[in-house]
Amino acid sequence: MKVVAFLCNWCSYEASIGAGSKRLACPSDVVFIRTMCTGMINPQAVLAALARGADGVIILGCHPGDCHYQNGNLHALRRVALLKKLLSKNGIDPGRLILDWVSASESDRFALVVNSAYNKIASAVKIASTRD
Amino acid sequence: MKRNISINPITRLEGHGKIEIFLNEAGEVENAYFQVPELRGFEVFCKGRPVEEMPQITARLCGVCPAAHHLASAKAADAVYSVDPPTTAKKLRELMYMAHFCHSHIAHFYVLAAPDFICGPEAPPTERNILGVIARAGLKVGGQVIEQRSNAQRAQALLAGRATHMAWAIPGGVSKALSESDRKTLVEWGEGMREFASFSLKLFREVVLGNSMYVDMIRSDPYALKVHNMGLVDRNDRVNFYDGTVKVCSPDGIEIDRYHPADYLNHIAEWVEPYTYLKFPFLKIRGWKGFEEGDSSGVYSATPLSRLNVASGMATPSAQEAYEEFYTTLGAKPVHSVLANHWARLIELIYAAERWCELVKDPEITNPNVHTIPEAAPKEGVGCVEAPRGTLTHHYVTDEKGVLTSVNLIVGTTNNNAPISMSITKAARGLISKNTEVTEGTLNKIEMAFRAYDPCMSCATHSLPGQMPLQINLRELDGKVIRTIRR
Amino acid sequence: MNQHKIKIASYWATSCGGCDVSLLDTGMKVLLLADAADIVFWPILMDAKEANVEAMPKDSIDLCFFNGSIRSSENAKMAHLLRKKSKILVAFGACAQTGGIHGLINTTDTKTIKDTVFISGPSVHNPNGVIPVPILRIPEGKLSLPTLFETVKSLGDIVAVDYYIPGCPPAVPRLSEIIDVIIAGELPPKGSVLGATDKALCETCYRIRHDRKIDSFTRPHLMKQDPETCFLEQGLLCLGPVTRGGCAEQCIRGNMPCRGCYGVTPGVIDPGGAMIGVLASLIKSDDPGAIDRAVESLSDMLGNLYQFTYASSLLKRVNKK
C-alpha cells in the first residue's frame with residue numbers, strides 16, 4: 001500500500017517526533033508530509049495523491065480550539081467534508097480519506113491514530129478489490 | 001458485376017454519417033445503407049444530474065439547435081415539478097425560439113440547400129457552395145443573409161445571455177426578463193427578419209419554381225416518399241413550434257393519431273438495426289414493418305413538410321398565404337416530395353418572423369415576473385417542442401431531490417432516420433442503373449435526397465472553394481479497386 | 001503584405017457542431033478568412049475527403065482547427081492524421097481542450113450505454129436484442145462502424161497541441177479577434193491559450209462581493225436571486241473563481257452561474273479540488289454537524305464541478321463498482 005499523511009508543524013508533527021523517539025511502530029509505507037497547518041492543505045493535492053496511486057490520505061491537525069493559526073484546522077474540517085463527498089461520487093470509498101486531531105504531546109495517540117487509519121484504508125481497499 | 005459505392009463522409013449532418021450503396025450484377029442498386037457512426041450516451045450520463053442543469057447540458061446535443069433542446073428540457077423540468085411558469089416566461093421562451101428558428105432555417109436554406117438550386121445540382125463543386133450563391137445572387141443578398149442570421153443569434157443572446165448553449169430556462173420559468181430597451185431592439189430586428197423571410201420565398205419562387213428542371217425534380221419519383229407525417233398543432237390545428245398536441249396523418253392525409261406529448265410512449269417506439277448507432281422510431285399504431293412506404297407501415301416523417309401536411313394552416317397571415325400557395329401549386333395535400341421541404345422551411349421562416357413580431361409587441365412581454373419557484377415534489381415529466389428538424393421529446397424521471405434517475409430522448413432527426421434511409425435508397429435506385437454513368441453530379445443528387453431533411457447539423461458556415469465530398473471506388477468482387485471517381 | 005495564401009483545415013471529432021456555428025457567427029470575419037486562406041479540408045461545409053488529407057504531404061496544412069472530444073476510434077484516427085499533416089494544430093473549444101461535456105461519459109461505461117440505448121430504454125422495441133457492431137457481414141458485403149472508447153479524452157491527451165481556444169463554444173467576439181491574428185500572421189508562442197484571459201472570471205464579473213458566508217447551498221430554481229450579488233454568497237454554486245475569463249460573463253448576465261466551460265486558470269490543476277477550497281471558505285459553521293448539512297445541500301458535486309472538464313480532471317473517471 002501507499003499512504004500519504006499530512007501533518008501540521010505545531011501539533012501532529014511534534015507528536016510524530018515524540019512517537020519516533022519512543023520507537024512506537026508505524027507502517028513503513030506511509031509517507032509523512034509536514035505542512036505549517038492542515039488548513040493550507042490544497043484539496044487538489046489530496047486528489048492528486050489518490051489519482052497518482054495513493055491508497056489513502058491521512059490528515060492530522062491540532063484539536064479544535066488549539067490551532068496555532070486560530071481556525072486553520074476547522075478550515076481543513078470543511079475541506080475534508082467536501083472532499084469525502086466528492087470522492088464517493090467518483091466511486092472512491094470516502095473512508096480512504098481520514099482526518100483526525102493529535103496534539104504535540106500525544107505521541108502515543110499519534111501512533112494509535114496512524115495505525116488505525118492505515119488499517120481502515122487497508123480494509124476499504126480490500127473491499128473495493130474484492131468487488132472489482 | 002457487383003460493386004460498392006461508399007459515400008464517406010456525408011456532409012452537413014449532425015455528427016458524422018456515411019452511405020454504402022451496393023450494386024448487383026446488372027448494375028442496379030441492390031441496397032443502400034445510411035449509417036450514423038456516433039453514440040455519445042446522453043441518456044446514461046445525464047443520470048445523477050440535477051434536473052435544472054439539464055437545459056444547459058442537453059443543449060450540447062446540438063450546436064445548431066441547442067435552443068430546441070433547451071426548451072424541451074425546460075418543459076420536461078417544469079413537468080417534473082408540476083410547475084406552470086408565469087405567462088410572460090412562456091412567451092419569452094417562445095419569442096427566443098422564433099429567433100432560433102430563423103437562425104436555423106436561414107442557415108439551412110442559404111448555405112446548404114440554395115447552392116444546389118442557385119448554382120445547379122451538377123454545377124462544378126468549386127462553385128456549388130455559398131460563395132457561388134453569393135456570386136449569382138449578389139453581394140447584397142449575401143450580406144443580408146449574414147446580417148439576418150446574425151440578428152437572429154443576437155436576439156437569442158439578448159434574451160438568454162448567449163445564443164449557443166444558453167443558460168436561461170429553468171424549472172418554473174426563465175432566469176432573466178426582457179428590458180424595454182432590449183425589446184425595442186428586438187422589434188427592429190423582427191421587422192427586418194419579416195422582410196427577409198418574405199424576400200427568401202420570393203427568391204425561391206424565381207430561382208426554383210421558375211425553373212422547370214427543378215419543378216420536375218421536385219415532382220419526380222426518386223424524391224417522393226409516401227409515409228405518415230407528424231407535427232405539433234395548436235388548439236386551432238395550426239403549426240406551432242413551442243407547444244401543442246402531436247398529430248399524425250397517414251400518407252393519404254387522414255388523421256390516424258393524436259396525443260399529448262406526455263403520452264408518447266404509447267404512440268411511438270424505436271427499432272434497432274445492427275449497422276448504425278441511430279435508432280428508428282416508428283408508430284405503434286402500425287408496428288414496425290420494415291423500411292416500407294404506405295399506410296400500413298410504421299414509418300413516419302417529422303419535418304417542416306410534415307408539419308405543414310398535418311396542420312390545417314399557419315397561425316400568422318403571410319405564412320398562411322404562403323401555405324395556401326404551396327398546396328395550390330403542388331396540387332394536393334399531403335405533399336410527398338421530399339424536396340418540397342425546402343419550400344416548407346421558407347414558409348416556416350415567415351411564420352417564425354411574424355410570430356416574433358407579434359410576441360415582441362405583446363404588452364406582457366417586459367413583465368419582470370418570469371419565474372415561479374416550484375413547490376411540489378419533483379417526480380417525472382415530458383417536454384416536447386418542434387425542433388427545426390422534427391418533433392423533439394425529452395422525458396425525465398427524478399428522485400425526491402430532483403436528481404435524474406432516468407432519461408429518454410427522441411430527437412428531431414432521429415424521427416426521420418427511416419425516411420432518410422428510404423429516400424437515399426430511392427434516389428440511388430432512381431438515379432443509378434446499368435445504363436447510367438455515375439458522375440459527381442449523380443452523387444450530389446443522391447445527397448440532395450437526405451439534405452432536404454436538414455439532418456441535425458446544418459451549421460455549414462460560409463462554404464469555401466473545394467471539391468465535392470465524394471469518392472467512388474469501383475471494386476471487383478474480390479475488393480480490388482478498378483476505378484476511382486473523385487469530385 | 002503577405003501574398004502567400006495559408007492552408008487551413010477544420011475538423012470535428014465527437015462534437016455538437018456549436019464550435020462551427022460560433023465561427024459562422026463571426027459573420028463577415030469568416031468571409032475574410034476564406035479570402036486570405038485556402039480551406040483544404042472542412043467536412044461540414046466542403047467536400048475534401050479523408051483520402052485527400054491522407055494524400056497531403058506532411059505539415060502541408062498551415063493551421064488546423066480541431067473541435068470535439070476523442071471518444072471513438074474514428075476520432076483518434078483523424079486526430080493523428082491531422083497532427084501529421086498540420087504545422088499548427090489548434091484545440092478548438094472545450095471538447096478538444098478538456099474533453100468538454102462528453103467527459104461525463106466517464107461516469108459510465110460502453111456496455112451500460114449500449115444496454116440502455118438499445119435494450120432497456122423505455123421506448124425501445126428490440127425483440128431480437130440487436131446491438132450495433134463494429135463489423136457487420138450482410139448479403140451484399142460488409143458494413144463497419146467505429147469502436148467507442150471506454151474513457152473520453154481531450155485532443156492533447158493523444159497528440160501534441162499547439163494552441164487552445166477555450167469555450168463551449170468559444171465566444172464570438174474572441175473568435176473574431178483570433179481570425180484577425182491569424183490573417184495578420186501574428187500568433188503568439190506555441191502553447192498559448194487564445195481568446196481567454198489568465199485570470200479568473202471573478203476579475204471581470206460585475207456582481208458584487210460582500211464577503212458573506214453561508215449556511216447551506218441552494219439551486220437556481222429554488223430561490224429568488226439578487227441579480228447584483230455574487231452567486232456564491234447567495235448559496236449558488238458558481239465556478240467563476242477557477243475559470244478563465246474571456247466569455248464576457250454571458251451566462252452570469254443571463255442570471256445563471258458559471259459552469260466553467262472556459263476551463264481552469266493557469267494555477268489550477270483540478271477545478272473540483274480548487275473549488276472545494278472556495279466552498280470551504282464560504283461555509284460559515286465550525287460545527288461538524290452543520291458542516292455535513294451544508295455539504296449535503298450541494299447538488300451533484302461531480303457533474304456541477306466538472307461539467308466540462310471531467311476528462312481532464314485528476315480523477316478523470318468514476319471507478320467501476
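**Exercise 1. Work out why A:Cys26 has no disulfide partner in this predicted model.**

Start with the neighbours: the closest cysteine sulfur to that of A:Cys26 belongs to A:Cys8, and it sits 16 Å away. Next, bring in the cut-off: a disulfide needs two cysteine sulfur atoms within 2.5 Å. At 16 Å, the A:Cys26 sulfur is therefore too far away for a bond. As for its surroundings, A:Cys26 is partly exposed, with a relative accessible area of 28%.

**Exercise 2. Decide what to make of A:Cys37 and its closest cysteine sulfur.**

Look up the partner candidate: it's A:Cys67, with its sulfur 4.0 Å from that of A:Cys37. Hold that against the 2.5 Å limit. The verdict is that the sulfur is too far for a bond. Then check accessibility: A:Cys37 comes out at 8%, so it counts as buried.

**Exercise 3. Find how many disulfides there are over all chains, and describe what you find.**

Count first: there's one disulfide over all chains. Now name the pair: A:Cys11 is joined to A:Cys62, with an S to S distance of 2.4 Å. Then place both ends, since the pair links distant parts of the chain, 51 residues apart. A:Cys11 lies in the loop between β1 (3–8) and α1 (12–21) of chain A, while A:Cys62 lies in the loop between β3 (56–61) and α3 (72–89) of chain A.

Move on to handedness: the torsion about the S-S bond of A:Cys11 and A:Cys62 is about 105°, so the disulfide is right-handed. Finish with burial, which means under 20% relative accessible area. A:Cys11 has 8% relative accessibility and counts as buried; A:Cys62, at 4%, counts as buried too.

How values were computed: Residues numbered from 1 in each chain as written. Chains lettered and ligands numbered in written order. Predicted model: local features only at pLDDT ≥ 70, side-chain atom pairs only at ≥ 80, totals over all residues. Heavy atoms only, no water. Helix = DSSP H or I, 4+ residues; strand = E, 2+ residues; numbered from the N terminus. Buried < 20%, exposed > 50% of the residue type's maximum accessible area, 1.4 Å probe, protein only.
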